[in-house]
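Below are some notes for a colleague who has not looked at this structure before. They go through the pockets, the cavities, and some of the packing and pairing.

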Amino acid sequence: MEWQQLEYFQTLARIQHVTRAAESMSLSQPALSRSIARLEEEVGLPLFDRQGRSIMLNRYGELLLKRVNRILKEWEDGKQELRDLVHPEHGEVSLGFLHTLGTSLIPDLIGAFRTEAPQINFSLMQNHSYSLLEHLDAGELDLCLLAEPTETKMSIQWTPLWSEELFAIVPIGHRLAEAESILLEELADESFIFLKKGYALRRTTDRLFEEIGVQPNITFEGEEAATVAGLVAAGLGVSLLPDLRGIDKSKIIPIRVREPQCHRVIGMALVEGGYLSPATIRFKEFVLAHFGQKEKEAGFTLPMPPDF
């Protein structure tokens, strides 16, 4: 059975005249008759009662028409949904981002974009870097905001956007709470609260302690930066975190670290050569402009590591 047979059947059932139905579809009358005959042969039952060129649906045809109407309606709705998704004014952007960006940056960024494009919707996913990259590779995400991917089998285009300073976070009353800045090694004997392995921030903090030759005593591992800050506030340890807006800072003290330089670069990732809808392209360009970047100058492609 061909898809057009369903359309021919639906039109003939509505007009109930072979010649007029054929004319409405710019089709010859014999061609329409042959198509309906093949459909009846396919279902094994007559669908019309014929009276010359005028015909009328029988009870079998009425039952089938209900199903055909649903099938064709789903098809039209699907086409319209796809058109809406790729339309630059009515599409959808699937955006993934790190947990630490969810407290303020992502809401502020999307809010600013929506003032320019209020009809574009967002599907959001908040997770750690490697999970986001897997969803990006699977086509479930269009763009991701995360730290530079370093271990991936995928061909990822990553554009650096901004540098984010990391601060030593200590509870009120800590011995270093009054310090304007410290060396990271001054925290060597502290109990630490970090994010779990696999998170971009955890990878950065591990690297910083490797630089100074210190194995930190990690007593808690969390999945949310806000949870880490809360545990620090409760006096259960210290941590390294970026400036997190939108969380309670009344019981924690951020301290600048002089050495080593504690920062990470956050950028935008997409699959090299992957399809981006007009709505996604528009948001991507908005993000690049928002952070003052030019893709042709700032963007680069990460080569596939030879060992993966």
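1. Strand β6 gives four residues to the lining of the second largest pocket, the largest share from any element. The model is a predicted one, and the points below should be read with that in mind. The volume of this second largest pocket is about 180 Å³.

2. The residues around the second largest pocket are Thr100, Leu101, Thr103, Ser104, Leu105, Trp162, Ser163, Glu164, Glu165, Asp243, Leu244 and Arg245. By class the lining is evenly split, with four nonpolar, four polar and four charged residues.

3. Strand β6 also takes part in strand pairing. This strand covers residues 156–171 and pairs with β11, residues 252–259, in the antiparallel sense, over four bridges. One of the residues involved is Pro171, whose bridge partner in β11 is Ile252.

4. Strand β11 has a further partner in β7, residues 181–183. Here the two strands run parallel and three bridges join them. In this pairing Ser181 lies opposite Arg256 of β11.

5. The largest pocket has a volume of about 220 Å³. Its lining is made up of Ala147, Glu148, Thr150, Trp158, Arg203, Thr204, Arg207, His263, Arg264 and Val265. Helix α7 and strand β12 (263–271) each contribute at least two of these residues. Sorted by class, the lining has four charged residues, three polar and three nonpolar.

6. Turning to enclosed space, how many cavities of 30 Å³ or more does a search of the whole structure find? The search finds two. The largest cavity holds about 60 Å³ of space, and the second largest has a volume of about 30 Å³.

7. The largest cavity is bordered by Leu98, His99, Thr100, His128, Ser129, Leu195, Tyr199, Ala200, Leu201 and Arg264. Five of the lining residues are nonpolar, four are polar and one is charged. Two of the names have come up already: Thr100 is among the residues lining the second largest pocket, and Arg264 is among those lining the largest pocket.

8. Around the second largest cavity stand Ile193, Phe194, Leu195, Leu201, Arg202, Thr205, Val228, Ser239, Leu240 and Leu241. Three elements, β8 (191–195), α7 (200–211) and β10 (239–242), each supply at least two residues of this lining. The class count is seven nonpolar, two polar and one charged. Leu195 and Leu201 are also listed in the lining of the largest cavity. Helix α7 supplies at least two residues to the largest pocket as well.

9. A last point concerns helix packing. Two packed helices are described by the angle between their axes and the distance between the axes. For α5 (residues 105–116) and α9 (residues 278–290), the angle is about 120° and the axes are 11 Å apart. The crossing of α5 past α9 is right-handed.

10. Which residues make the contact between α5 and α9? From α5 come Leu109, Ala112, Phe113 and Glu116, and they meet Arg282, Phe283, Phe286, Val287 and His290 of α9. The contact is formed by six nonpolar residues, two charged and one polar.

Definitions and conventions
Residues numbered from 1 in each chain as written. Predicted model: local features only at pLDDT ≥ 70, side-chain atom pairs only at ≥ 80, totals over all residues. Heavy atoms only, no water. 1 Å grid on protein atoms, 1.4 Å probe; cavity = no way out; pocket = protein on both sides within 12 Å on 5 of 7 lines; lining within 4 Å. Points joined across faces, edges and corners; volume = space filled by probe spheres on them. Nonpolar A, V, L, I, M, F, W, Y, C, P; charged D, E, K, R; others polar. Axes fitted to C-alpha atoms, helices over the stretch in contact; angles between N-to-C directions. Left-handed = near helix turned anticlockwise from the far one by under 90°. Contact = heavy atoms within 4.5 Å. Pairing = 2+ DSSP bridges.
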